[in-house]
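Student: Could you take a close look with me at one part of this model, the way its helices pack, and then at the unusual spots in its backbone? I would like a careful explanation in which each term is given its cut-offs.

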Amino acid sequence: MKIAQEYASSIDLEKNTEYAVKGITKICKKIGPRKPGSPEELRAQQWMERDMKNYCDKTTIEEFTLHRQGFMGFIPFTVACGVISVFVNWFKSPIAAFILCVLAFIPLLFEFLMYKQFDDFLFPKQTSHNMVATRSPKGEVKQRIVMVAHSDSQFEWKLNYLMGGLQAKLFVEIPAVVGLVIQTIFALVCLIVGKGGAAMEIEKLKWFFILFFVVSCVFIPFEIAFLFFQSWNKSVPGASDNLSGCFTGMAAIKALDEAGVRFENTEVVMVCSGSEEAGLRGAKAFAKAHEEELKAIPTAVIALDTFRDLEDMAVYDRDLSGTVQHDWGVKYLLKNAAANCGFDLKFESIYIGGSDAAAFTQRKIPASALAAMNPDPPRYYHTRLDTPENLRPECITAGIEIMCEALCMYDKEGLPKKD
């Protein structure tokens, strides 16, 4: 028997799925796209806060600053460095070409793959917010579980919309990166040989360098196409990514409240974070501001992100482009809760990108993530197709059920322990 049924047998999943779908639709229709650090992002959080006031004992909206274009704003710089390096190398300056290639990789590595706030200071500042709702236990707070889901929506990834996510990855994104790698190797080889383009005067090396130059040029169109990867002003509806995550967590709290469940010593917190699409900025700000209290008592953090593709629902073991590994106990809490609800979830890794859970794991606060999205990615991902009409309510139902179970399991047993 599910542990949640020991607490309450009257959890109404259908009613709370309807609540979630209606809430997502309302925000998409009445407020619209919510770019990071925008007034629309804040308005959506204020609507969510009004809902949570009915089921939580304390709500607040916390502000923080960010530079939203820092996360992807390096793209023109990286593309320019890569393309120019090819011709600089050809005209006998391999040192300059190699330096250009290294400069191209630095923001790509630190900003896009590792989510460091590396070049943020170069871009305008905005104010973003986190909505925090807290449901107190009956007695003393002895442990805490935090659900976090982002309320902002991404600037449209135009290539995903025009080509489909998998096709954009295979025919533009990967070739563009491969091209930059080849151009870097070209510059390094010329540097090692010693004379760059002049080395082509050596008959044995002439055709080798010509071939390398031609191959480097072949990849230039892919790099230039990467300039059109993302819109710089138009954001998307973000119904599945990630209002579905916000309302899955909110609906779980609502369901437990309506079933008369209030834990004895477990505090439940819902964070609707801002500016996740700008590099997890909201989760990072929350984790930093509350680090001391999050570590003062046993705390588990669960990121909820995109409940759309039920067949791809998974617990995320590794995050932030595979560079961080989530807590063993939190990931098994989710896996065991899902099993109790009839779902055999696999552990997956986010190989490119990250979830809000990574911001907590980096600060050594136990965390993991639950999501249900085709990793190809699908064509709706970060495009205008991510609308309420594209929702799959059955996936949201599964998310609510699993989270109700996980909350009750955590209250009764804490985090699972390794044998």
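Tutor: We begin with the whole chain, go on to the helix pairs, and end with single residues.

The model is predicted, so local features need pLDDT of at least 70 and side-chain atom pairs count only at pLDDT 80 or more, while totals for chains, interfaces and linings use all residues. Residues are numbered from 1 along each chain as its sequence is written, and side-chain values use heavy atoms, with hydrogens and water left out.

The chain has 15 helices and 11 strands, where helices (H or I, at least four residues) and strands (E, at least two) are DSSP runs numbered from the N terminus. Its C-alpha atoms fill a box of roughly 85 × 50 × 35 Å along the principal axes. For 419 residues a compact globule would have a radius of gyration near 22 Å, and the 24 Å of the chain agrees with that; the radius is taken over C-alpha atoms, and the globule rule is 2.2 Å times the number of residues to the power 0.38. Of the 419 residues, 59% count as buried, a word that stands for under 20% relative accessible area, with exposed over 50% and partly exposed in between (1.4 Å probe, protein chains only). Among contacts with a separation of 6 or more, 87% are between residues 24 or more positions apart, contact being heavy atoms within 4.5 Å.

Now to the helix pairs. Helix H5 (residues 94–113) packs on helix H7 (residues 165–193) at an angle of about 150°, and their axes lie 8 Å apart. Such axes are lines fitted to C-alpha atoms, for helices over the stretch in contact, and the angles run from 0 to 180 degrees between N-to-C directions. H5 and H7 are therefore roughly antiparallel, since angles over 145 degrees count as roughly antiparallel, under 35 as roughly parallel, 65 to 115 as roughly perpendicular and the rest as oblique. The crossing of H5 and H7 is left-handed, which means that the near helix is turned anticlockwise from the far one by less than a right angle, whereas clockwise would be right-handed. On the H5 side the contact includes Pro94, Phe98 and Phe105, and on the H7 side it includes Leu180, Thr184 and Leu191. By class, this contact has 13 nonpolar, 2 polar and no charged residues, where Ala, Val, Leu, Ile, Met, Phe, Trp, Tyr, Cys and Pro count as nonpolar, Asp, Glu, Lys and Arg as charged, and the others, Gly among them, as polar.

Helix H2 (residues 13–30) and helix H15 (residues 393–413) pack at about 120°, with axes 9 Å apart. That makes H2 oblique to H15, and their crossing is right-handed. Here Leu13, Asn16, Thr17, Ala20, Val21 and Ile24 of H2 meet Pro393, Ile396, Thr397, Ile400 and Glu401 of H15. The contact of H2 with H15 has 7 nonpolar, 3 polar and 1 charged residues.

H5 also has a part in covering helix H11 (residues 281–289), whose buried residues are Arg281, Gly282, Ala283, Lys284, Phe286 and Ala287. The cover over these residues includes H5, strand E1 (58–66), strand E2 (126–135) and helix H12 (291–296).

Let us turn to the backbone. Most residues other than glycine have a negative phi, and most peptide bonds are trans. Asp241 and Asn242, however, are joined by a cis peptide bond with omega about 10°, and Asn242 is in helix H10 (residues 239–258). The bond from Asp376 to Pro377 is also cis, with omega near 5°, and Pro377 sits in the loop between strand E11 (367–372) and H15.

Tyr381 lies in the loop between E11 and H15 too, and at 17% relative accessibility it counts as buried. Although Tyr381 and Asp241 are 140 residues apart in sequence, their C-alpha atoms are 7.4 Å apart in space. Leaving aside neighbours within four places in sequence, Tyr381 is in contact with Trp157, Asn160, Asp241 and Met373.

Two residues that are not glycine have a positive phi: Thr306, at about 65°, and Ser321, at about 55°. Thr306 is in strand E7 (residues 299–307) and is buried, with a relative accessible area of 2%. Ser321 is in the loop between strand E8 (313–319) and strand E9 (324–325) and, at 16%, counts as buried.
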